[in-house]
Amino acid sequence: MGSCALRSCASRTEVDENNTTEKTFHRLPKNADRCQLWVKFVNRGEWTPTRSSVICSKHFSEESFDRTSKCYVNLKLNDVPTIHLNQEESPPSTIKY
Ligand SMILES: [Zn+2]
C-alpha cells in the first residue's frame, strides 16, 4: 500500500472509514511523454516515479474519469493531473495587474 505521490496530499491507499467519497489511485502512464507531464505536476525536483507510484483522484478534473465501468474508475487516455490541493505547490504563475 502506498500514498499519493504529492507531498501536500494526505491521501493514502488504505481505506479511510470516515471518508466515503470515492477516491481512486492512478499509476503513472507507461508512455514516457505522458509520464513526464505527471512528474512535472508532482513537482518534486529529482523525483523518479516507481512502478508503485500513484496519484490520487483528487488531482484530476471530473472530466478526466471514465466511469463507464461499475467496478473501477479509469482515467481517460491522455489525461494528466491538473489540480493542486495546496496552492504553495502550484507552479509559479505570472500575475498581471
Ligand atoms: Zn493526492
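Is Asn43 buried, partly exposed or exposed, and how many other C-beta atoms lie within 10 Å? In this predicted model, Asn43 turns out to be partly exposed, because 15 other C-beta atoms lie within 10 Å, a count between the 12 or fewer of an exposed residue and the 20 or more of a buried one. Asn43 sits in the loop between α1 and β2. Its backbone is worth a look too: phi of Asn43 is near 60 degrees, a positive value in a residue other than glycine.

Asn78 makes a natural companion to Asn43. Asn78 is not a glycine either, yet its phi is positive, at about 75 degrees. Asn78 belongs to the segment after β4, the strand that covers residues 74-75. As for its surroundings, Asn78 counts as exposed because just 10 other C-beta atoms lie within 10 Å, and the cut-off for that class is 12 or fewer.

Stepping back to the whole chain, the secondary structure comes to one helix and four strands. Taken in sequence order, these elements give the pattern β-α-β-β-β. The protein has 97 residues, and buried ones make up 15% of them. Of the contacts between residues at least 6 apart in sequence, 56% link residues at least 24 apart.

Now for the interior. In soluble globular proteins, nonpolar side chains tend to be buried together. Here the largest nonpolar core has eight residues: Cys4, Ala5, Leu6, Leu28, Trp38, Val42, Ile55 and Cys56. The helix α1 (32-42) and the strand β2 (54-56) each put at least two residues into this core. Cys4, one of the core residues, has contacts with Cys9, Ser11, Val54, Ile55 and Cys56 once residues up to four places away in sequence are set aside. Among these partners, Ile55 and Cys56 are themselves listed in the core.

Phe65 gives a view of another part of the chain. This residue lies in strand β3, which runs over residues 65-66. Phe65 is partly exposed because it has 17 other C-beta atoms within 10 Å, and a buried residue would need 20 or more. Leaving out neighbours within four places in sequence, the contacts of Phe65 are Phe60, Val73, Leu75 and Lys76. Phe65 can also be placed relative to Asp79, which is 14 residues away along the chain: the C-alpha atoms of the two are separated by 8.6 Å.

Notes:
Residues numbered from 1 in each chain as written. Predicted model: local features only at pLDDT ≥ 70, side-chain atom pairs only at ≥ 80, totals over all residues. Contact = placed C-beta atoms within 7 Å. Core = buried A, V, L, I, M, F, W, Y, C linked by C-beta atoms within 7 Å.
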